[in-house]
Amino acid sequence: MRNHTAVTEFLLMGIPHTEGMENVFLVFFLGLYLLTLVGNLLILLAILSSPNLHTPMYFFLGNLSVFDIFFPSVSSPKMMLCLMGHSHTISFQGCATQLFFYHFLGCTECFLYTVMAYDRFAAICHPLRYMVIMSHRVCAILTLGTWMGSCVHASVLTFLVFKLPYCGPNEVNNFSCDIPVMLSLACADTSLAQTVSFTNVGVVALMCFLLVLTSYTRIVISILRISPSEGRRKAFSNCSAHLTSILLFYGPVVLIYLRPASSPWLDTVVQVLSNIVTPSLNPLIYTLRNKDVKLALRKVLIPGG
């Protein structure tokens, strides 16, 4: 950092080329954020209050709802403050914290989708041994493993990105601090950080995706062997919500982190949609076709109804 002053704060510039649309974005994002909070809190409340939903499948769905509350909360409040005209600055430490929790929660969700796929595999392919395979102890170990693995993943990425010197410019072309935009601001060789982050994110995403694909290949084969069409339809219905969420989750990961060339505008738009839109859709995805959750929600919202 010879003859340079170290950057102590960054300026969040928001979505490029959208000047004058702050009020529109504020109303849109605030509405989705509130929908995310209310929807996921209702699912969590329904699962906790209904003994019928105290099963491994709904235990992991409850975990997903918790992460869908925290994940958009990493960057959305700051983003909306910026849209309201408040300061766009964020401290160096705040930026590092934001990046850590973004990848910690994102990776945990990635692992959680994989565990949920394994849970569906056990339920459909080995129904008689399901409660033995997915015992309380196994569920606790899988959950703890997702947390610990994600913490290691996020710690490595955060260390590599923020051990680099930043000496200006300090304008982040995004609403939050993330790897692609931060590396473009570093005034040193970023090849190691780029390689490790690309490999790390790529390996985690690919490993989880292959495990999900393997689970669902076995699930489809088992479902096709089910004779009554009603049973087959019910099995497909139980899996369709999870598959929809997986596609919504992996799409932005591929577009942001696994492309050779980075596009600031596309990265920002995709990341904002991933941060806010996907978590707001999950409550709808998991309740629209799930009679048990809808019944539990009805009991929560209309006691005695």
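What follows is a chat between two coworkers about this predicted model.

Colleague: Hi! Before I get attached to this one, what is the mean pLDDT of the chain?

Modeller: Hi! The model is predicted, and the mean pLDDT of the chain is 84. A value of 70 or more is reached by 89% of the residues.

Colleague: And which elements have the lowest and the highest mean pLDDT?

Modeller: Helix H9, residues 229–257, has the lowest mean, at 70. The highest belongs to helix H6, residues 136–162, with 93.

Colleague: Thanks. How many helices and strands does the chain have?

Modeller: There are 11 helices and three strands. Going along the sequence, the pattern reads β-α-α-α-β-α-α-α-β-α-α-α-α-α.

Colleague: And how much of the chain counts as buried?

Modeller: Of its 305 residues, 49% are in the buried class.

Colleague: Changing topic: what does UniProt list as "transmembrane region"?

Modeller: The UniProt entry, which is unreviewed, gives residues 24–48, 55–74, 138–162, 201–224 and 236–257.

Colleague: How far apart are the end C-alpha atoms of residues 24–48?

Modeller: They are 36 Å apart, and that span is 100% helix with 0% strand. For residues 201–224 the end C-alpha atoms are 34 Å apart, again with 100% helix and 0% strand.

Colleague: Which residues form a nonpolar patch on the surface?

Modeller: Leu-206, Phe-209, Leu-210 and Leu-213 do, and together they have about 360 Å² of accessible area. Leu-210, for one, sits in helix H8, which covers residues 191–224.

Colleague: Why does Leu-210 count as partly exposed?

Modeller: Because its relative accessibility is 43%, and partly exposed covers the range between 20% and 50%.

Colleague: Now charges. How many salt bridges does a search of the whole structure find?

Modeller: One. The partners are Arg-120 and Asp-119, whose side chains meet at 3.0 Å, N to O. As background, side chains of opposite charge can pair when their charged atoms come close.

Colleague: Is Arg-120 buried or exposed?

Modeller: Arg-120 is buried, because its relative accessibility is 8% and the cut-off for buried is under 20%. Asp-119 is buried as well, with a relative accessible area of 2%.

Colleague: Let's move on to H11. Which of its residues are buried?

Modeller: In helix H11, residues 291–301, the buried ones are Val-293, Ala-296 and Leu-297. Seen down the axis of H11, they fall within an arc of 100 degrees, so they line one face of the helix.

Colleague: Why would residues three or four places apart point the same way?

Modeller: Because an α-helix has 3.6 residues a turn.

Colleague: And what is on the other side of H11?

Modeller: Lys-291 and Lys-299 are there, and they are exposed.

Colleague: Last topic, H10. Where is Val-270, and how far is it from Pro-252 in space?

Modeller: Val-270 is in helix H10, which runs over residues 264–288. Its C-alpha is 5.9 Å from that of Pro-252, and the two are 18 residues apart in sequence. Val-270 counts as buried because its relative accessibility is 9%.

Colleague: What about Leu-281 and Leu-32?

Modeller: Leu-281 is in H10 too. Between Leu-281 and Leu-32 there are 9.1 Å in space, C-alpha to C-alpha, and the two are 249 residues apart in sequence. Leu-281 is partly exposed, with a relative accessible area of 30%.

Colleague: Great, thanks for the tour!

Notes: Residues numbered from 1 in each chain as written. Predicted model: local features only at pLDDT ≥ 70, side-chain atom pairs only at ≥ 80, totals over all residues. Heavy atoms only, no water. UniProt positions renumbered as here; feature names shortened; annotations may be inferred. Helix = DSSP H or I, 4+ residues; strand = E, 2+ residues; numbered from the N terminus. Patch = residues over 30% accessible without salt bridge, like charges linked within 9 Å, V, L, I, M, F, W, Y side chains within 5 Å. Areas by Shrake-Rupley, 256 points an atom, 1.4 Å probe, with all protein chains shown as cover. Salt bridge = Lys/Arg side-chain N within 4 Å of Asp/Glu carboxyl O. Buried < 20%, exposed > 50% of the residue type's maximum accessible area, 1.4 Å probe, protein only. pLDDT = per-residue confidence, 0-100. Arc of directions from axis to C-beta.
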